[in-house]
Amino acid sequence: MQITFLGAAEQVTGSQYLLETGSRRFLVECGLRQGRDDRGDINRQPLAYDPASLAFVVLTHAHLDHCGLLPRLYREGFRGPVYCTLATGDLVALILRDSARIQEEDARWEYRRWKRRGGPVEPPGPIYTLREAEACLRLLAPCDYGTQYTLPGGVRLRFRDAGHILGSATVELGWQEQGRSRRASFSGDLGRHGRPILRDPEVPEPGDVVVTEGTYGGREHQPWPECEALFHQRLTGALARGG
């Protein structure tokens with residue numbers, strides 16, 4: 001098994017992991033990288049793989065930095081299933097449509113500015129369009145928590161609740177390799193215990209490889225009363241400003 005970290009390694013956004021084992025090749029996560037670096041918009045850089053060669057994609061949850069490049073993947077040839085939980089599928093539809101609309105609006109604004117001011121290079125346009133976002137949604141393959149599914153190439157998949165947002169999951173993967181059973185787990189983003197609405201995160205089965213979120217690994221979360229007070233402050237402040 002080979003895992004190539006294509007995002008969210010030594011940074012927070014753009015989660016994307018390419019897994020290759022035998023003849024199998026697939027992604028866990030396909031996230032948009034938020035922000036820019038010295039290469040310009042990193043979401044426009046050439047992909048490290050041929051999207052048409054991927055058997056499938058697995059998503060842990062619906063936040064943009066975990067699913068936001070799916071329409072580009074579709075445009076460049078990917079046609080396999082995208083496995084996720086039921087709630088993740090519903091939220092991905094909202095988030096990708098919203099992302100595409102924002103990109104189209106930003107691209108129109110950049111083009112109008114370029115027409116006024118001129119310049120040597122015409123703006124590149126949106127990373128993907130609303131039509132491409134709508135098209136890739138047909139690939140979503142919603143799954144239940146706790147059920148083991150057999151994916152193309154004999155890969156076994158199970159989702160465990162991660163307690164992060166509605167639909168968030170830890171991904172358990174299993175397969176046979178040289179006569180041995182192998183397992184890998186990807187936590188996605190992890191939630192806290194004892195929250196309203198969301199269930200507590202479940203502990204996955206032991207695996208040969210565990211890839212887990214480390215964003216908050218060096219600090220403790222605030223106690224719940226402080227979190228609720230801050231939430232109330234931000235919410236009432238936004239309303240007072242007309243938000």
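# Notebook: salt bridges, sheet and selected residues

I searched the whole structure for salt bridges and found 14. The model is a predicted one, and I kept this in mind for every entry below.

**Entry 1. Arginine 158 and glutamate 172**

I began with the pair arginine 158 and glutamate 172, whose side chains meet in a salt bridge of 3.5 Å, N to O. Arginine 158 belongs to strand S8 (residues 156–161) and glutamate 172 to strand S9, so the bridge ties together parts that are 14 residues apart in sequence. I then looked up the accessibility of the two partners, and both arginine 158 and glutamate 172 are buried.

**Entry 2. Arginine 160 and its two partners**

I next examined arginine 160, which forms a salt bridge with glutamate 172; the closest N and O atoms are 3.0 Å apart. This pair links distant parts of the chain, with arginine 160 in strand S8 and glutamate 172 in strand S9, 12 residues apart. The side chains of glutamate 172 and arginine 160 are also listed as joined by a polar contact of 3.0 Å.

I found a salt bridge between the side chains of arginine 160 and glutamate 205 as well, at 3.6 Å, N to O. Here the link runs from strand S8 to the loop between strand S10 (180–186) and strand S11 (209–211), where glutamate 205 lies, 45 residues apart from arginine 160.

Is arginine 160 buried or exposed? Its relative accessibility is 17%, so I entered arginine 160 as buried, the cut-off being under 20%. Glutamate 205, in contrast, is partly exposed, with a relative accessible area of 38%.

**Entry 3. Glutamate 172 and the network**

I located glutamate 172 in strand S9 (residues 169–177). I entered glutamate 172 as buried because its relative accessibility is 2%. Leaving out residues up to four places away in sequence, I listed what glutamate 172 touches: Arg156, Leu157, Arg158, Arg160, Arg183, Ala184, Ser185, Pro204 and Glu205.

Which residues are linked in a network of salt bridges? I noted Arg158, Arg160, Glu172, Arg183 and Glu205.

**Entry 4. The six-stranded sheet**

I traced an open sheet of 6 strands in the order S1-S2-S3-S4-S5-S6, with mixed pairing. Strand S1 (2–7) and S6 stand at the edges with a single partner strand each, so one side of each has no neighbour in the sheet. I recall that strands of a sheet pair through backbone hydrogen bonds, either parallel or antiparallel.

I then followed S5 and its neighbours. Strand S4 (residues 57–58) runs parallel to S5 and is joined to S5 by 2 bridges. I checked the positions: valine 57 stands opposite valine 82 in S5, and valine 58 stands opposite tyrosine 83 in S5. S5 also pairs in the parallel sense with strand S6 (residues 140–143), over 4 bridges. In S6, leucine 140 is the bridge partner of valine 82.

Which way do the residues of strand S5 (residues 82–85) point? Val82 and Cys84 point one way, Tyr83 and Thr85 the other way, and all are buried.

**Entry 5. Helix H4**

I listed the buried residues in helix H4 (residues 130–137) as Glu132, Ala133, Ala135, Cys136 and Leu137. What do the buried residues of H4 pack against? I found helix H2 (70–75), helix H3 (86–117) and S6.

**Entry 6. A nonpolar surface patch**

I noted a nonpolar surface patch of about 330 Å², made by Phe231, Leu235 and Leu239. I placed leucine 239 in helix H5 (residues 224–240) and entered leucine 239 as exposed because its relative accessibility is 55%.

**Entry 7. Positive phi outside glycine**

I looked up two residues with a positive phi that are not glycine. The phi of glutamate 29 is near 75°, and I found glutamate 29 in the loop between strand S3 (24–28) and S4. With a relative accessible area of 1%, glutamate 29 is buried.

Glutamine 178 has a positive phi of about 55°, and its place is in the loop between S9 and S10. I entered glutamine 178 as exposed because its relative accessibility is 80%.

Note on methods
Residues are numbered from 1 along each chain as its sequence is written. This is a predicted model: local features need pLDDT of at least 70, side-chain atom pairs count only at pLDDT 80 or more; totals for chains, interfaces and linings use all residues. Side-chain values use heavy atoms; hydrogens and water are left out. Buried means under 20% relative accessible area, exposed over 50%, partly exposed in between (1.4 Å probe, protein chains only). Two strands pair if DSSP finds at least two bridges between them. A polar contact is a pair of N or O atoms within 3.5 Å; within protein, one must be able to donate a hydrogen and the other to accept it, and residues adjacent in sequence count only if both atoms are side-chain atoms. Contact means heavy atoms within 4.5 Å. Patches are made of residues with over 30% relative accessible area and no salt bridge: like charges are joined within 9 Å, nonpolar side chains (Val, Leu, Ile, Met, Phe, Trp, Tyr) within 5 Å. Accessible areas come from the Shrake-Rupley method with a 1.4 Å probe; for residues, only the protein chains shown count as cover. A salt bridge is a side-chain nitrogen of Lys or Arg within 4 Å of a carboxyl oxygen of Asp or Glu.
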